[in-house]
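Welcome, and thanks for taking a look at this one with us. Below is a short tour of its strands, its core, its aromatic rings and its cysteines.

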Amino acid sequence: RFRAGRMLMASSVRCAEEPLWLERSRIDGGSRLLDAPAGFAAQPVSGTFVAVATTERLSEAVNGGLLPACRAVSPSAGRGGITRLPQLLLARYLGDRADGAFEYFTCLWQLIRPALLGRDAAPPRIWRT
């Protein structure tokens with residue numbers, strides 16, 4: 001359990017210096033946020049997956065069924081969710097297993113990569129090591 005210390009995190013995605021997504025967080029060890037249902041719900045593993053594309057490309061993919069297909073994917077362990085913003089898809093995972101997060105994000109990547117990049121979703125060799 002994360003009982004002591006503090007985690008500070010800042011993430012951003014920008015295009016031509018314009019922010020597409022900004023997130024900052026401060027989590028204190030032992031905080032009620034760690035157990036709260038609206039926080040981490042007592043789950044030790046969380047993850048974020050971000051896919052960025054032009055507004056046009058993302059709209060085409062979403063109109064072609066990408067968003068419902070992604071939302072139909074559910075983690076075998078834990079919870080997941082997808083949010084669409086104008087130039088990105090944001091997926092979140094919350095659960096008790098890191099391999100559950102990896103599996104969930106891999107399934108999403110296999111849908112998203114061909115839809116947004118027109119490339120096969122052939123996993124990189126590094127994923128097998």
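## The open sheet

Let us begin with the sheet, which is open and has three strands in the order β3-β5-β4, paired in the antiparallel sense. Please keep in mind that this is a predicted model. The edges are taken by β3 and β4 (79-85); each has a single partner strand, so one side of each has no neighbour in the sheet. From one strand to the next, the twist averages 15°.

How many bridges join β4 and β5? The antiparallel pairing of these two strands runs over seven bridges. Within it, Arg79 has Leu94 of β5 standing opposite. Helix α1 packs on the sheet, where it touches β4 and β5, and the direction of α1 makes about 125° with that of β4.

## The hairpin

Earlier in the chain you will find strand β1 (residues 6-15) and strand β2 (residues 18-28), an antiparallel pair with 10 bridges. Ser12 is one place to look, with Leu22 in β2 as its bridge partner. The two strands form a hairpin that leaves two residues between them. In that turn, Ala16 has a positive phi of about 50°.

## The nonpolar core

Now for the inside of the model. The largest nonpolar core has 23 residues, and those touching the most other members are Ile82, Leu89, Phe105, Leu108, Ile112 and Leu116. Which elements each supply at least two residues of this core? They are β3, α1 (55-63), α2 (66-72), β5 (88-95) and α3. Helix α3 gives the most, with seven residues.

Leu108 is a handy residue to centre your view on: leaving aside residues up to four places away in sequence, Leu108 touches Cys70, Val73, Ile82 and Ala91.

## Aromatic pairs

The rings deserve a close look too, as the model has five aromatic pairs. One of them joins Phe49 and Phe105, which are stacked with 5.7 Å from centre to centre and 25° between the planes. Phe49 belongs to strand β3 (residues 45-52) and Phe105 to helix α3 (residues 98-117), so this pair ties together parts 56 residues apart in sequence. Both partners are buried: Phe49 has a relative accessible area of 17%, and Phe105 has a relative accessibility of 14%.

Is the pair of Trp109 and Trp127 stacked or edge-to-face? Their centres lie 4.9 Å apart and their planes stand at 65°, so the pair is edge-to-face. This pair links distant parts of the chain, with Trp109 in helix α3 and Trp127 in the segment after α3, 18 residues apart. Trp109 counts as buried at 14% relative accessibility, whereas Trp127 counts as partly exposed at 33%. Elsewhere, ring pairs link Phe49, Tyr93, Tyr104 and Phe105 into a cluster.

## The cysteines

What about covalent links between cysteines? A search of the whole structure finds zero disulfides. For Cys70, the nearest cysteine sulfur is that of Cys107, 10 Å away. A disulfide needs the two sulfur atoms within 2.5 Å, so Cys70 is in none.

Which cysteine is buried and which is partly exposed, Cys15 or Cys70? Cys70 is buried, with a relative accessible area of 1%, while Cys15 is partly exposed at 39%. As mentioned for the core, Cys70 is among the residues that Leu108 touches.

Technical notes: Residues are numbered from 1 along each chain as its sequence is written. This is a predicted model: local features need pLDDT of at least 70, side-chain atom pairs count only at pLDDT 80 or more; totals for chains, interfaces and linings use all residues. Side-chain values use heavy atoms; hydrogens and water are left out. Buried means under 20% relative accessible area, exposed over 50%, partly exposed in between (1.4 Å probe, protein chains only). Two strands pair if DSSP finds at least two bridges between them. Helices (H or I, at least four residues) and strands (E, at least two) are DSSP runs, numbered from the N terminus. Rings of Phe, Tyr and Trp (its six-membered ring) pair if their centres lie within 6.5 Å; planes under 30 degrees apart count as stacked, over 60 as edge-to-face and the rest as tilted. A nonpolar core is a set of buried Ala, Val, Leu, Ile, Met, Phe, Trp, Tyr and Cys residues joined through side-chain atoms within 4.5 Å. Contact means heavy atoms within 4.5 Å. Axes are lines fitted to C-alpha atoms, for helices over the stretch in contact, and angles run from 0 to 180 degrees between N-to-C directions.
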